[in-house]
Amino acid sequence: MQQTVDTLIHARWIIPVVPEQKVYENCSLAIEQGKISALVPTTEAAIRFKAKHEVELGKHAIIPGLINTHNHAPMTLLRGFADDRPLQEWLEQYIWPTEQRWVGPQFAADGSRQAIAEMLRSGTTTFSDQYFFPEAVAIAARESGIRAHIAFPVLDAPTPWSRDSDEALRKGLALRDDYRAHDRIEVVFAPHAPYTVGDKTLEKIAVCSAEAQIPMQMHLHETHAEVEHALALTGERPIERLSRLGLLGPQTLCVHMVATNQRDIELLQLTGAHVSHCPTSNLKLASGFCPTYEMLEAGINVSLGTDGAASNNTQDLFSEANTAALLAKAVSGKATALPAHQVLSMATLNGAKALGIDGVTGSLEVGKSADITAINLGGLEQQPLHDPMSQLIYANGGHNVSDVWVAGRQLLKGRKLQTLNETEVIQRAQVWRDRITGNSR
């Protein structure tokens with residue numbers, strides 16, 4: 001008697017990430033009630049299962065959906081707005097004044113839909129976002145079907161979303177209550193950076209995070225100037241300050257970490273904190289190099305993030321993976337640093353660990369959510385194909401993604417978005433361009 005399942009995906013290659021470095025050929029995934037129920041040879045699947053839907057991917061590799069651990073999704077509407085400037089000038093003279101004038105709920109909603117559409121079309125199934133009006137970002141994520149960590153921003157100074165840190169905490173925790181039972185969306189803390197949040201606020205977050213087991217993420221050691229300024233003011237490195245205040249731990253995601261020394265790496269190692277590596281943004285803003293090879297060798301969990309499209313300028317995590325691999329080799333001086341399989345883990349399972357959801361997603365294992373990305377490896381530019389895993393990192397891009405599922409629901413089918421209207425997303429982006437540049441018709 002055949003078992004009836006919701007979906008059977010037959011693929012030329014399946015790269016499950018767990019076991020590490022394993023590539024299955026001519027195998028199938030069975031999906032039932034949003035979860036992976038079997039991974040077996042296609043010949044066996046034909047005998048064991050009857051599917052309501054079957055998908056034939058004879059030239060494709062399927063992998064766990066990519067996990068983007070740091071983004072500012074609404075800032076997609078500022079893509080290309082203030083390029084080729086160093087971080088502080090970029091922030092203080094361009095981004096912050098523009099945000100003060102234009103950012104509101106509609107900006108956040110339209111920018112998030114644009115970013116989510118791009119992420120889905122390039123294989124991302126989960127993203128962590130930190131931006132103003134997180135309630136609008138959460139709605140866009142909920143409606144699109146993508147999985148999301150909504151990290152609500154906390155700053156002591158006024159922002160477009162909050163008057164001060166107290167209001168930000170009240171609103172953020174209320175939003176967390178709204179999504180407490182949601183299966184794809186979690187709301188978490190995001191104190192913005194050491195230079196925008198004081199000790200009193202950080203201590204509040206540390207206590208609340210520990211008591212309620214709420215994850216948090218923070219921009220940290222984003223530039224050498226940030227670290228030098230903190231040392232000049234207090235004699236203490238920012239990461240040492242976070243450790244002293246009780247903010248470093250297994251629930252902490254440290255974003256960027258380009259200005260590091262051996263003691264910083266030891267603190268990450270001792271506390272179990274995670275790192276979100278955003279190589280393209282760091283390179284574009286000339287901020288520095290995160291020592292990913294040394295961190296991974298020390299047992300620190302390092303994941304990948306695109307950062308916002310205003311400083312990247314894409315949402316393509318495959319591009320980010322390629323940059324991370326090449327940069328690690330150049331910085332470490334070792335051609336063996338960050339081999340393809342390790343970079344793929346950074347983009348999938350390591351991201352799930354950083355967000356505390358590795359029991360749910362991040363690998364193609366029986367019982368986990370069917371968060372799946374399919375990549376067409378049959379194109380001219382990817383021939384001849386000797387090693388599909390190597391091809392994914394070194395000869396691939398998001399444009400080769402054909403299909404995406406989140407919790408068994410297909411969100412991208414043959415490059416076509418299933419839950420978002422691409423034409424409408426583009427039109428809204430163009431409206432915002434005209435408003436911001438003063439060309440509104």
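Visitor: What do the side chains of Arg433 and Asp434 form?
Guide: A salt bridge, with N and O 3.0 Å apart. The term needs a Lys or Arg side-chain nitrogen within 4 Å of an Asp or Glu carboxyl oxygen. Note that this model is predicted: local features need pLDDT of at least 70, side-chain atom pairs 80 or more, while totals for chains, interfaces and linings use all residues. Residues are numbered from 1 along each chain as its sequence is written, and side-chain values use heavy atoms, without hydrogens or water.

Visitor: Is each partner, Arg433 and Asp434, buried or exposed, or in between?
Guide: Use relative accessible area: under 20% is buried, over 50% exposed, in between partly exposed (1.4 Å probe, protein chains only). Arg433 has 43% and counts as partly exposed. Asp434 has 10% and counts as buried.

Visitor: Which residues do shared salt-bridge partners join into one network?
Guide: Asp110, Arg113, Glu143 and Arg428.

Visitor: How many salt bridges are there in total?
Guide: The count is 22. One of them pairs Glu143 with Arg113, at 3.8 Å from N to O. Glu143 sits in helix α4 (residues 134-144) and Arg113 in helix α3 (residues 105-121), so this pair ties together parts 30 residues apart in sequence. Helices (H or I, at least four residues) and strands (E, at least two) are DSSP runs, numbered from the N terminus. Glu143 is partly exposed at 44%. Arg113 is partly exposed too, at 24%.

Visitor: Which residue forms a salt bridge with Asp177?
Guide: Arg180 does, and the closest N and O atoms of the pair are 2.4 Å apart. Asp177 is partly exposed at 47%. Arg180 is exposed at 58%.

Visitor: How many disulfides does the count give?
Guide: A disulfide is a covalent bond between the sulfur atoms of two cysteines. The rule here is a pair of cysteine sulfurs within 2.5 Å. The count comes to zero.

Visitor: Why is there no bond from Cys208 to Cys254?
Guide: Because the sulfurs are too far apart: the closest cysteine sulfur to that of Cys208 is in Cys254, 19 Å away. Cys208 is partly exposed, with a relative accessible area of 25%. Cys27, at 6%, counts as buried.

Visitor: Now the backbone. Which kind of peptide bond joins Val18 and Pro19?
Guide: Read omega. Here it is about 5°, and the bond is cis. Pro19 lies in the loop between β1 (3-14) and β2 (24-32). The bond from Gln383 to Pro384 is cis as well, with omega near -10°. Pro384 is placed in the loop between β13 (372-376) and α15 (388-394).

Visitor: And phi? What is its value at Gln33?
Guide: About 50°, positive although Gln33 is not a glycine. Gln33 lies in the loop between β2 and β3 (35-41). Its relative accessible area is 69%, and Gln33 is exposed.

Visitor: What is the phi of Asp307, and where is this residue found?
Guide: Phi of Asp307 is near 65°, a positive value in a residue other than glycine. Asp307 is in the loop between β12 (302-304) and α12 (317-332). At 5% relative accessibility, Asp307 counts as buried.

Visitor: Last, the record. Which feature does UniProt place at residues 62-410?
Guide: The unreviewed UniProt entry gives "domain: Amidohydrolase-related" for that span. Such annotations may be inferred rather than shown by experiment. In the model, residues 62-410 are 43% helix and 17% strand. The end C-alpha atoms of this span lie 14 Å apart.
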